[in-house]
Amino acid sequence: MTVRIGTRVIGGGNPAYVIAEIGLNHNGDVEIAKQLIDVAAEAGADAVKFQKRTPEIATPEHMRDTLRETPWGTMTYLEYRHRVEFGREEYVAIGDHATLRGLDWFASPWDVPSVEFLEDLNVVAHKVASASLTDIELLQALRDTGKPIILSTGMSTMEQIDRAIEVLGTENLVLMHATSTYPMEPDEANLRMIRVLSDRFPGVPVGYSGHERGLQISLAAVAMGAQAVERHITLDRTMWGSDHAASLEPTGLKNLVRDIRIIETAFGDGVKRVFPGEEAPMAKLRRVPA
């Protein structure tokens, strides 16, 4: 089974679909968002992803009045959420920029009004954040759009994943193995889950959404069969914000995409043969002919 998002096809032996997760790393600045879109395009990524919230709905009640130090001064967590949230005008600007750079773009909606907001902008797909996997009302709204859905499975039990997929169905679905630790240490990666999810949901493409430092674990995920890879990106890991430290800088993303494509080339077809490059060494080194 394959899933088409924009002009790309995920699964079926196609190249891994690389998603550059901008999330909130734009810090509420459209120009930074555009710069990050440029980073993704120049690295050879397939898509950029954002996050869309209705702050009054998506902010947990116990967090709303918590004070937070920000570059704009001390404010409540709810005020901060409003400060970094893009509206329609900003999304039109960044969506158009992504399209002009040849990238798919979509977002993780965190509540039902955000699904309607993104549908009005005609996004090509929707992403379910790991934190939203148990939000049945949101999953139903996403299912009803008929759009491809990418489901991250961090901070979730297998029973919770089963329930989410009962709601979403397996058609037009991409599963992403994830561990929602920021940044994630290698001993929490649990990459064997890629095969477990593939076996449990036959035909559903399974990818990997990573929050680790460096590239090794994401590249190992591709070698273990991940058909999509998502990583947060930033202009500078030292920038203010909760996701920057676990993000890739421009050179890191470029190297990730380069190395994914090298690994895919190296997969081959599994048919044993003597390659042309082996002919000369064979003539020189093999003493007993077949």
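Here are some questions and answers about this predicted model, starting with the ground rules.

Q: What pLDDT do local features and side-chain atom pairs need here?
A: Residues are numbered from 1 along each chain as its sequence is written, and side-chain values use heavy atoms, with hydrogens and water left out. As this is a predicted model, totals for chains, interfaces and linings use all residues, while side-chain atom pairs count only at pLDDT 80 or more and local features need pLDDT of at least 70.

Q: Which residues of helix α5 are buried, and how are they arranged around its axis?
A: Helix α5 covers residues 112–120; helices here are DSSP runs of H or I with at least four residues, strands are E runs of at least two, and both are numbered from the N terminus. Buried means under 20% relative accessible area, exposed over 50%, and partly exposed in between, using a 1.4 Å probe and protein chains only. Looking down the axis of α5, the buried residues fall within an arc of 160 degrees (taken from the directions from the helix axis to the C-beta atoms), so they line one face of the helix. Those residues are Ser114, Val115, Phe117 and Leu118.

Q: Which exposed residues sit on the face of α5 turned away from its buried side?
A: On the buried side, the cover includes β4 (47–52), α4 (88–100), β7 (104–109), β8 (126–128) and α6 (136–145). The face turned away from that side carries Glu116 and Asp120.

Q: What phi does asparagine 122 take?
A: Asparagine 122 comes just after α5. Its phi is positive, at about 60 degrees.

Q: Which side chain makes a polar contact with the side chain of glutamate 21?
A: Glutamate 21 lies in strand β3 (residues 17–23) and is buried, with a relative accessible area of 4%. Skipping residues up to four places away in sequence, glutamate 21 touches Lys49, Phe50, Gln51, Glu230, Arg231, His232 and Ile233, where contact means heavy atoms within 4.5 Å. A polar contact is a pair of N or O atoms within 3.5 Å; within protein, one must be able to donate a hydrogen and the other to accept it, and residues adjacent in sequence count only if both atoms are side-chain atoms. At 2.8 Å, the partner is lysine 49.

Q: How many salt bridges does the rule count?
A: Side chains of opposite charge can pair when their charged atoms come close. The rule asks for a side-chain nitrogen of Lys or Arg within 4 Å of a carboxyl oxygen of Asp or Glu. By that rule the count is 20.

Q: How far apart, N to O, are the side chains of arginine 8 and aspartate 46 in their salt bridge?
A: Arginine 8 is in strand β2 (residues 8–10) and aspartate 46 in the loop between α1 (30–43) and β4, 38 residues apart. Both arginine 8 and aspartate 46 are buried. They also belong to a salt-bridge network with Asp104, Arg261 and Glu264. Their N to O distance is 3.3 Å.

Q: Which residue meets glutamate 230 in a salt bridge of 2.7 Å?
A: Glutamate 230 counts as buried at 2% relative accessibility, and its partner is buried too, with a relative accessible area of 3%. Glutamate 230 lies in strand β12 (residues 228–232) and the partner in strand β8, so the pair ties together parts that are 103 residues apart in sequence. That partner is lysine 127.

Q: How many of the residues of strand β10 are buried, and which are they on each side?
A: Strand β10 (residues 173–178) has both faces covered: Leu173, Leu175 and His177 are buried on one side, and Val174, Met176 and Ala178 on the other. The buried count is 6 of 6.

Q: Which strands run parallel to β10, joined to it by 4 bridges?
A: Two strands pair if DSSP finds at least two bridges between them. One parallel neighbour (residues 149–152) pairs isoleucine 150 with valine 174, and in the other, glycine 207 stands opposite methionine 176. The strands are β9 and β11.

Q: Which residue joins glutamate 56 in a polar contact of 2.7 Å?
A: Glutamate 56 is found in helix α2 (residues 55–58) and is partly exposed, with a relative accessible area of 40%. Leaving aside neighbours within four places in sequence, glutamate 56 is in contact with Arg64, Leu78 and His82. The side chain at 2.7 Å belongs to histidine 82.
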